[in-house]
Every structure is written in C-alpha cells, then in structure tokens.
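Hi,

Here is the structure I promised to send over. Have a look at it first, and my notes follow underneath.

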Amino acid sequence: MLGQRIKSLRKAKKMTQSDVADGIMTKSMLSMIENDKATPSLPALQAIARRLHVSIDELLIDPRAIEMKQLIEKINARTNDYYAEEQIADMLAPYLEPAIDSYWQGRIYEMHGNALRFSNTEQGLHYFDLAEEIYKRLELRDEQMNVQISKVYFLFFLRRYEEAYRKVDAMMIHQDVPLAHETFLDYQMLQALRVSVNEDDWSQSIDFLREGIRYMREKGVYSDVSNYHRLLALFLSLDGDFEAADHELELLEHFFLFTEATAFERILVELTKGSIAVHREDYEGVRYARERLVEVNIEACIHYIGYFEVNLCLWKDSKETLPFDLQSGVANIWRGAHLWQVGGEYDHAMMLYALALAMRAGVGVDRRAEVEEMTKQLSPGRFKQEIEQILAELS
C-alpha cells in the first residue's frame with residue numbers, strides 16, 4: 001500500500017514524520033497517509049517523493065511488484081535457457097504470498113497456474129481464479145478474459161468438456177466490450193470449438209473461423225493465422241467441402257512463402273492434410289501424411305502416426321504389404337495417449353474412433369473398458385454416437 005511504502009522509506013532514511021511533513025502538510029495528515037487512512041494529492045505526493053529523495057514511481061509502485069515484473073521478464077526472455085514447468089513453479093512460489101493488488105501479482109498467479117498443468121491441474125485452476133479476481137478488481141478486461149480462456153483449455157486437459165463449453169458460453173455476454181486483437185482471436189477460436197464437436201454444427205464453426213480470418217486481414221494481425229486456416233480446412237472437410245478445405249491449405253502454403261513458418265507449423269499442416277485424407281478416404285493422402293510424420297520423428301505426433309496406420313491397415317488391399325500392421329498402429333496410439341487424452345476433444349474423439357475400429361477388426365480388445373470409459377467423457381454428438389455404435393457391435 002502507498003502509506004506503508006512511504007513509512008518504510010522514511011524509516012529506512014532515519015527520518016521522522018516531522019522531517020517529511022515540514023512545509024508539505026501537517027504531521028497528523030502524514031500519519032493518516034502512512035496508515036492508509038488518507039490519500040495525498042498529486043502535488044503533495046510529488047513533494048514527499050522529493051523529500052525522501054526517490055522517484056514518484058518508487059512511491060506508487062510496490063517494490064514487490066517490480067520484482068515480480070523482473071522475474072516474469074526473465075522467465076519469458078528468449079535469450080534465457082529453457083525453464084521446465086517445475087522450475088517455473090519453484091521460481092514463482094516466493095511471490096504467491098503475501099498477495100499485493102497489482103497486475104504483476106495476477107501474472108504471477110496466472111503463470112503459476114500454467115506451470116501446474118501436468119503436476120497439479122486442479123491447483124492450477126485455483127491460481128487462475130486468484131488471477132481473475134485481481135484482474136477484475138483492477139478492471140483489466142483483456143487479462144480477465146485471457147485467464148478465462150486458459151481455464152477453458154485446462155478443463156479440456158481434464159476432459160471436462162461440458163464444463164469448458166459452459167465457460168465459453170458465459171464469456172459471450174461480454175462482447176460489447178472491445179478486446180485486444182489476440183484476445184478476440186483466442187475467443188473466436190474457442191467459439192468455433194464449442195459449436196463443432198459439442199454441437200455438431202460444422203457450418204457455424206466455419207463461420208466463426210472465417211470471421212476470425214477476416215478480422216486478421218482487417219487489423220493486419222496474423223498471430224494465429226496458421227491454426228485458423230488449418231482448423232478451417234479440417235472443419236470444411238468434416239462438412240463435406242473438400243475443395244474448399246484444399247483451398248484453405250493452399251492459402252496457408254502461400255502465407256508460409258512470405259513468413260518464417262516454423263518446422264513444427266509445417267508438420268502440423270501435413271498432419272491436417274492427413275486427417276482430411278482420412279475423412280475423404282484418400283488412401284494415398286493418408287499414406288503420404290504418415291510417411292512425412294515418420295520422417296520428422298517427433299514424439300508429439302506418434303499417436304497420429306498410429307491413427308494413420310490403423311486406417312491404412314483397415315483400408316489396404318489384401319495383396320499389399322505394409323511396413324507396419326494394425327497391432328503397431330494401435331500401440332502407437334496408446335503410446336501417445338498422454339498427449340491426446342489431454343488435448344482437444346477432436347483429437348480425443350479421433351483416437352478413440354480409430355481404437356474402436358481396430359477392436360472391431362480384433363486388435364486391442366483388451367483395453368475395451370478403457371475406451372468405453374473415455375468415450376463417456378465426449379460431448380453428445382456424431383463422434384460419440386459412432387464410437388458407441390462400434391463398441392456395441394463387439395461381441
């Protein structure tokens with residue numbers, strides 16, 4: 001608090017209240033300010049700062065908030081070594097208590113919540129709540145919205161899809177308040193996800209994504225262009241418009257020609273092409289996507305390699321010999337289960353669908369109960385119904 005900072009600085013400089021107040025205000029008024037029972041005018045505050053030989057910022061900004069800011073900048077600095085989530089949680093721990101009413105305290109809580117994603121997800125949600133409370137008191141609308149978005153993704157992580165979509169619904173009432181570009185785009189993406197798997201309304205999802213892309217063009221903001229075009233292509237394929245899906249991926253390839261797309265962004269495009277090839281039953285397209293993922297050998301894609309392998313094994317001509325079999329495809333899906341089980345609902349549903357198809361072919365039946373339990377967590381709709389139907393057909 002301001003009064004406490006004035007008092008601490010005064011004592012550190014071995015000055016009495018009379019020394020500071022002389023010619024500025026009465027000693028009793030200074031005493032009230034130091035006890036946070038009165039607020040000085042700006043001229044009086046400037047005079048107190050001069051008397052204490054400090055800048056006015058040092059009076060207005062809590063030193064602890066400055067330390068928090070410096071720590072967050074250190075963690076986020078690209079020039080630093082990579083910090084694991086456990087390290088980040090340990091670095092932030094000293095700043096969790098006592099709390100101060102500051103933007104930086106909110107950021108500490110928010111980052112600490114994110115750092116608990118794997119180790120203690122429920123506790124992470126608690127720190128998001130603390131961050132949201134601070135942002136709400138400080139009337140920081142964008143920050144408050146960003147925490148709400150983070151909470152939704154954490155609920156996806158916990159496979160609490162119904163609760164996550166309810167939170168997205170609750171955000172809709174605030175759209176009369178202008179948002180920062182990135183915040184709006186994050187929100188628009190969640191809206192597209194909400195009405196896709198949850199409501200089986202691919203057309204509305206497509207509208208949300210196209211609106212987001214138009215917004216990026218109008219504002220000249222392209223921070224999430226890759227994810228928008230990929231997801232739009234995927235949803236168009238699910239809506240049966242494969243020509244439009246191909247067009248979106250072509251636009252993305254053109255965009256990459258003029259930007260420094262990361263290798264991982266390009267791999268995600270190949271993954272998306274493979275998923276679309278599955279939807280259109282394009283055997284060669286799925287084969288090519290699987291080969292590309294095997295070439296780059298990224299552990300984060302292992303479940304999709306398995307997904308493609310399962311489909312290729314089920315579709316292949318009986319005379320064809322593949323360098324893998326249905327058993328290895330199922331094994332790869334389970335090998336990457338720690339990723340797809342905490343990802344978005346689409347990934348969750350696609351992996352369960354492939355596992356159900358493999359079980360119908362006689363492979364992986366020993367984990368049927370596990371697949372059935374995870375299927376219960378899906379939103380009601382097309383994917384869940386199709387998986388349940390396949391499982392019901394098993395003897």
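The biggest thing to look at is the largest nonpolar core, which has 115 residues, and within it Phe235 and Trp340 touch the most other members. Please keep in mind that this is a predicted model. Helix α21 (residues 345-360) gives this core its largest share, 11 residues. As background, nonpolar side chains tend to be buried together in soluble globular proteins.

If you click on Trp340, leave out anything up to four places away in sequence; what it then touches is His303, Ile333, Trp334, Asp347, His348, Met351, Leu352, Leu355 and Met374. Apart from the largest core there is another one, of 16 residues, including Ile6, Leu30, Leu45 and Leu59.

Next, two helix pairs. A packed pair is described by the angle between the two axes and the distance between them.

Helix α13 (residues 202-219) packs with helix α14 (residues 225-238) at an angle of about 155°, and their axes are 9 Å apart. With the antiparallel cut-off at over 145 degrees, α13 and α14 are therefore roughly antiparallel to each other. Their crossing is left-handed. On the α13 side, the contact residues include Trp202, Ile206, Phe208, Leu209 and Ile213, and on the α14 side they include Tyr228, Leu232, Phe235 and Leu236. Sorted by class, the contact of α13 with α14 has 13 nonpolar, three polar and two charged residues. Phe235 is one to remember here, since it turned up in the largest core as well.

The other pair is helix α11 (residues 161-171) and helix α12 (residues 181-196), packed at about 130° with axes 10 Å apart. That angle makes α11 oblique to α12. This crossing is left-handed too. Tyr165, Val168, Asp169 and Met171 of α11 meet Tyr187, Leu190, Gln191, Leu193 and Arg194 of α12. The contact of α11 with α12 counts six nonpolar residues, one polar and two charged.

Finally, some backbone oddities. Most residues other than glycine have a negative phi, and most peptide bonds are trans. Here are the exceptions I'd point you to:

- The peptide bond from Glu97 to Pro98 is cis, with omega near -5°, and Pro98 sits in the loop between α7 (85-92) and α8 (103-115).
- Lys14 has a positive phi, near 55°. Lys14 is in the loop between α1 (2-12) and α2 (17-21), and counts as exposed at 76% relative accessibility.
- Glu281 also has a positive phi, of about 55°. Glu281 is found in the loop between α16 (263-279) and α17 (283-296), and at 62% relative accessibility it counts as exposed.

Cheers

Terms used: Residues numbered from 1 in each chain as written. Predicted model: local features only at pLDDT ≥ 70, side-chain atom pairs only at ≥ 80, totals over all residues. Heavy atoms only, no water. Axes fitted to C-alpha atoms, helices over the stretch in contact; angles between N-to-C directions. Helix = DSSP H or I, 4+ residues; strand = E, 2+ residues; numbered from the N terminus. Parallel < 35°, antiparallel > 145°, perpendicular 65-115°, else oblique. Left-handed = near helix turned anticlockwise from the far one by under 90°. Contact = heavy atoms within 4.5 Å. Nonpolar A, V, L, I, M, F, W, Y, C, P; charged D, E, K, R; others polar. Core = buried A, V, L, I, M, F, W, Y, C linked by side-chain atoms within 4.5 Å. Buried < 20%, exposed > 50% of the residue type's maximum accessible area, 1.4 Å probe, protein only.
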